[in-house]
Amino acid sequence: MNLVVVEALAIVWLVALGVNAQNCSGRCVRRDYCLTDEDDPAPDVDLRIGQKDSTVVGNCTHYLDLCCPPDLIIEEPHQTATHEQKFASCGKRNPDGVGFRLGGGKVQEAEFGEFPWTLLVLELQTIFDFEAKEVYTCVASLVAPNVALTVAHCVVNRTATDLVVRAGEWDTRTESEVLPHQTSPVKEVIVHERYNKHHHNNVALLVLQKPFQAAENVQTVCLPPPGVRPATGEECITGGWGKDRFGKDGVYQHILKRVSLPIVDSAKCQEALRKTRLSQKFRLHSTFLCAGGKKDADVCSGDGGAALVCSVAGSETSYYQAGIVAWGIGCGDESIPGVYVDVAVMLPWIVNKLNMLNVDPAFYTVD
């Protein structure tokens, strides 16, 4: 174990056990180390606390910590163990988060556990010929406990055993969330046989070495029911940890972001894209759909593979995956939509591969 890892583990241990803060009359601990009434409403947290250049001061130095009276501090978290839970119906969003809600300082961040199917894909890269480091690669969605759905261009030239998938992640800078993330190496990468350099049929499945365990922050997403497609103008949601703007000035996000975007008619999308560097000869392939065109509201570099989810008809909390973040011209430019893999078009291929893997359709089928 190298020195960097040891130091990181030490920091995590101190955060878990708690450190005294100037404004705390008790001890600052992770929220799940403080005995609270389960009937109490979820507390609000302010993301600005403890952040660089922020003037917001809290009772504790980290925004996720809680100032806890000494007699209420417990030795082990009182959350239900993940292995005791079962996977709920697919596509269940947690709009108010899990364990806490975001209050002051919130911009486009998703709540913790809001989209429990969102996965982080990492690649193990060797640095200086001896140190292996997990490097952010792209995003994926959980369609079964042991299968992730993503874009082919993210994984087509990568070795399966070098890839790692993380579920339940939210803020990549900390492990102080009320529920832990889970990690699994990839056993097999299945890329669409007709994927090409133009990114047509841009879809892939990642088969995991070990299935994820169900938890409030780890659940599956629904695939679209046969014949169901989002309507033009319908607001759907996506997000990842990608850059906040296009180009070298863009910065990868620490906290999972949420972006609401309208579905754009394919003909109008093609017309808009022809006004960019793609030229008048560009033709939008039938395996794509479009969403966005709102100024400063978009996914960007690094968000590839993220799910574009739309509401299941008649439900306020159930969602199906209509698209997969594929590519775009710039990020957040007005009147220029982003391009997504059309999951409805790719559904026969996806379901066929899932059947070959003996995946229970209950994990991805709308109730």
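How many residues does helix α4 have, and how far does α4 reach from its first C-alpha to its last? Helix α4 has 14 residues, numbered 343–356. The helix reaches 19 Å from its first C-alpha to its last, close to the 20 Å expected at 1.5 Å a residue. The model described here is predicted.

## Helix α4: ends and bend

Begin at the start of the helix. There, a side-chain oxygen of D342 reaches to within 3.1 Å of the backbone nitrogen of A344. Further along, α4 bends by about 30°. The bend is at W349. Just after the helix comes N358, which takes a positive phi of about 60°.

## Helix α4: what is buried

W349 has a second role in this account. The residue at the bend is also one of the buried residues of α4. The others named with W349 are V343, M346, L347, I350, K353 and L354.

What covers these residues? The cover includes several strands. Among them are β6 (131–144), β7 (147–150), β9 (182–191) and β10 (204–208). β15 (319–327) and β16 (337–342) are also included. α4 lies across β6, β7, β9 and β10. Against β10, the helix runs at about 20°.

## A six-stranded barrel

The four strands that α4 lies across also appear in a barrel. Six strands close into this barrel, in the order β5-β6-β7-β10-β9-β8. The pairing is antiparallel. From one strand to the next, the twist averages 45°. Strands of a sheet pair through backbone hydrogen bonds, either parallel or antiparallel.

Now take the pairs in turn, starting with β5. Strand β5 covers residues 118–127, and 10 bridges join β5 to β6. These two strands run antiparallel. In this pair, Q125 stands opposite K133 of β6. β5 also pairs with strand β8 (residues 163–167), in the antiparallel sense, over five bridges. Here L120 stands opposite R166 in β8.

## Around β7 and β10

β6 and β7 form a hairpin, with two residues between them. Three bridges join the two antiparallel strands. S141 stands opposite L149 in β7. On its other listed pairing, β7 is joined to β10 by four bridges, again antiparallel. T150 stands opposite A204 in β10.

In a regular strand the side chains alternate between the two faces of the sheet. Which residues lie on each side of β7? V147 and L149 are on one side, with A148 and T150 on the other. All four are buried, and both faces of β7 are covered. L149 and T150 thus turn up twice: L149 opposite S141, and T150 opposite A204.

β10 continues the order of the barrel to β9. Five bridges join β9 to β10, and the two run antiparallel. E188 stands opposite V207 in β10.

## Two buried loop residues

Is K243 buried or exposed? K243 is buried, because its relative accessible area is 17%, and buried means under 20%. The residue is found in the loop between β11 (235–238) and β12 (259–264). K243 and D303 are 60 residues apart in sequence. In space, their C-alpha atoms are 7.7 Å apart.

T276 lies in another loop, between α3 (266–273) and β13 (288–292). T276 has a relative accessible area of 16%, so this residue is buried as well. A polar atom of the T276 side chain lies 2.5 Å from the backbone oxygen of L273. Not counting residues up to four places away in sequence, T276 touches I329 and I336.

## R101 in strand β4

R101 lies in strand β4, residues 101–102. How does its exposure come out? R101 counts as partly exposed, because its relative accessibility is 29%, and the partly exposed class lies between 20% and 50%.

Which residues is R101 in contact with, leaving aside its neighbours within four places in sequence? They are A42, P43, D44, V45, D96 and E111. D46 can be placed too: the C-alpha atoms of R101 and D46 are separated by 9.0 Å. Along the chain these two residues are 55 residues apart.

Notes:
Residues numbered from 1 in each chain as written. Predicted model: local features only at pLDDT ≥ 70, side-chain atom pairs only at ≥ 80, totals over all residues. Heavy atoms only, no water. Expected span 1.5 Å × (residues − 1). Bend = angle between axes of the 7 residues up to and from the residue. Buried < 20%, exposed > 50% of the residue type's maximum accessible area, 1.4 Å probe, protein only. Contact = heavy atoms within 4.5 Å. Polar contact = N/O pair within 3.5 Å; in protein donor to acceptor, adjacent residues only side chain to side chain. Pairing = 2+ DSSP bridges. Axes fitted to C-alpha atoms, helices over the stretch in contact; angles between N-to-C directions.
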